[in-house]
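Hi,

Here is the structure I promised to pass on. Have a look at it first, and then read my notes below.

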Amino acid sequence: MRLSLFLLPTLKESPAEAQIVSHRLSLRAGLVRQMSAGIYAWLALGFRVLKKIEQIVREEQDRAGCQEVLMPTVQSAELWQESGRYDDYGEEMLRFNDRHGREMLYGPTNEEMITDIFRQYVKSYRDLPKNLYQIQWKFRDEVRPRFGVMRGREFLMKDNYSFDLDFEGAKRSYENMYQTYLRTFARMGLTAIAVRADPGAIGGTLSQEFHILAETGESKVFYDAGLDSLGPEDVEAAQQLYACTEEKHDPAACTVPPDRLREARGIEVGHIFYFGTKYSKAMNVEVAGPNGESIVVEMGSYGIGISRLVGAIIEASHDEKGIVWPEPVAPFRVGLINLRSGDAACDKAADALYEKLNAAGIEVLYDDRDERSGVKFATMDLIGLPWQLVVGPRGVKNGVVELKRRAGGESEELSVESALARLVD
Ligand code: 5CA
C-alpha cells in the first residue's frame, strides 16, 4: 500500500483527553477515532491490527475444536426474561423498542441466545460435547468509558460457549479454553496470567480472568511468583498456584509464602467461566441420556476482548517514539521509506523494491509522499511497523538499502536481494 493513497491521520501532539499511553498512541498513530463516548470508528491502520488479532483468536479457537457462528447484535428481550437476567442486568444494557413496541436490546453478551440455538437442535447425549464461538460487537453502557478502546461502550469480543453432559466434561472444556487462551495471547507476543475472579453478571461458581501486567492496568492482582515461569502446557501446575483479583484476595488465608506473593496491576484481556446448569436449568435445556433419561447440560462461557487487546498490546509494547508492534499483529510488516521522493533514481529503486516486496507476499506500507525525511522517519517510528527499509540517494548509488528493526533499533546496509531474503526468512 502506498502511503500517498492511505488515510493515515497522524497527530504530532498528544490529545488532552488521553490519560494513558495506549490511548494517546492509538489516536496519534491514526488507529481509531472516537465518534461518541466509548464508541470508536476503526481507521484503516487500526482495522488491520484488529483483523490480525481476530485471526489469531480464530485460528486458536478452531485448533481447540470450537466452531465459528455469528449471532445478531440486536436481541429480543424475551430470552433474557426467560433466564431472569433482563431485570438483573441493569443500566449497562442498552434497551429499545422496535416499531411494533417489542422490547429489544443490543447484546452485552450471548449466553441466552446461544442456549436457545442449542436447545432447538441438540437433543441427545450423542451430540455432546459442543463448543461454539463468535467474534461480534457487544454494547455495554459503561458508567465510565475510558482509556480509549480499553473500556469502550461498543467493543469487539470473541465469546464462546461450551455444552457438556457432565461436570467432568465441562471441566475438560474449561481447561481446554484455559490452555487455548495462554496460547492465543503468547502468539500476540503477550504474557498473560490467569487469576481467580468474581463471575459477576455472568454468574456461576468458578471464573478466571487473564491479565496482561501493566502499570496502567485497571485491576490489582495477586499471584504466586511461580506463575511467571509457566507456559501454556502447564495447565495443572498453574491451576494449583495462588492467583486472584483484589476482590478475591484474602491476605489472612494467604497459602503463599510472603516472599513469593506478587502484587501487580493488570489489564483483563480474557475471562473464562464455568457456570454449570445456571442457564440450562432456567431455559430448560435437556438432552436424552443413554437410557432415555433427561440430562440438564453443563455450560461454560469464555470471552476475549479483541478491541481491548489493541490497547493492551500497545501498553505492553511501545517506546518514547511510538508503538512497537509485535510482528504477528502488526498492520504491515515493513515500512518502505523513499528518502527523496521526486528524485528519479530513488523513485525507480524504491518503486522496484515495493513491487518485489508485494510479489514476495510481504505486507508493506510504502512512504512515497513528498515529505522531509525527518517526517517520514517520525511517522514510521510512531506507527511502529516491525521493519523499516530505507532507500536514499547514497544507497542507490552504492546498490544498498538500509534495513532497520523497530524494536531494537539495530540497522544494516544490505543489497536489495539480501534485505528481501532476510524479510522472507
Ligand atoms: N459472556 C462472558 C464470556 S463470553 C463475558 O461477557 N465475559 S466478560 O464480561 O468478562 O467479557 C469478556 C471480555 O471482554 C473481558 O475479559 C474484556 O477483555 C472484554 N471487555 C469487557 N468489557 C469491555 C469493555 N467495556 N470494553 C472493552 N472490552 C471489554
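Before the ligand, one cut-off: I call a pair of N or O atoms a polar contact if they lie within 3.5 Å of each other. On that basis E268 qualifies, as an N or O atom in its side chain is 2.5 Å from an oxygen atom of the ligand. Keep in mind throughout that this is a predicted model.

E111 also reaches the ligand through its side chain, with a polar atom 2.6 Å from a ligand nitrogen. G305 uses its backbone instead: an N or O atom there lies 3.4 Å from an oxygen atom of the ligand. How much of the ligand does the protein bury? Taken alone the ligand exposes 600 Å², and 95% of that is buried by the protein. There are 22 residues around the ligand, and those that come nearest are T109, E111, R140, G152 and E268. So E111 and E268 turn up twice in my notes, once in that nearest group and once for their side-chain contacts.

Now the rings. I count 12 aromatic pairs in the structure. One of them is Y354 with Y366, a tilted pair at 4.9 Å centre to centre and 40 degrees between the planes. Y354 sits in helix α10 (residues 344-359) and Y366 in strand β20 (residues 364-367), so this pair ties together parts that are 12 residues apart in sequence. Are these two tyrosines buried or exposed? Y354 is buried, at 9% relative accessible area, and Y366 counts as buried too, at 1%.

Elsewhere, ring pairs link Y178, Y181, F185 and F210 into a cluster. Two arginines also lie over ring faces: R48 over F332, at 3.8 Å from the ring centre, and R95 over Y86, at 4.6 Å.

Last, the strands around β6 (residues 103-106). Strand β4 (residues 74-76) runs antiparallel to β6 and is joined to it by three bridges, with V74 opposite Y106. Strand β5 (residues 94-97) is antiparallel to β6 as well, with four bridges between them, and here N97 stands opposite E103. β5 and β6 make a hairpin with five residues between them, and G101 in the turn has a positive phi of about 85 degrees.

That's what I have; send me your thoughts when you've had a look.

Cheers

Notes. Residues numbered from 1 in each chain as written. Predicted model: local features only at pLDDT ≥ 70, side-chain atom pairs only at ≥ 80, totals over all residues. Heavy atoms only, no water. Phe/Tyr/Trp six-rings, centres within 6.5 Å; stacked < 30°, edge-to-face > 60°. Helix = DSSP H or I, 4+ residues; strand = E, 2+ residues; numbered from the N terminus. Buried < 20%, exposed > 50% of the residue type's maximum accessible area, 1.4 Å probe, protein only. Lys NZ or Arg CZ within 6 Å of the ring centre and 35° of its normal. Near = heavy atom within 4 Å. Polar contact = N/O pair within 3.5 Å; in protein donor to acceptor, adjacent residues only side chain to side chain. Areas by Shrake-Rupley, 256 points an atom, 1.4 Å probe, with all protein chains shown as cover. Pairing = 2+ DSSP bridges.
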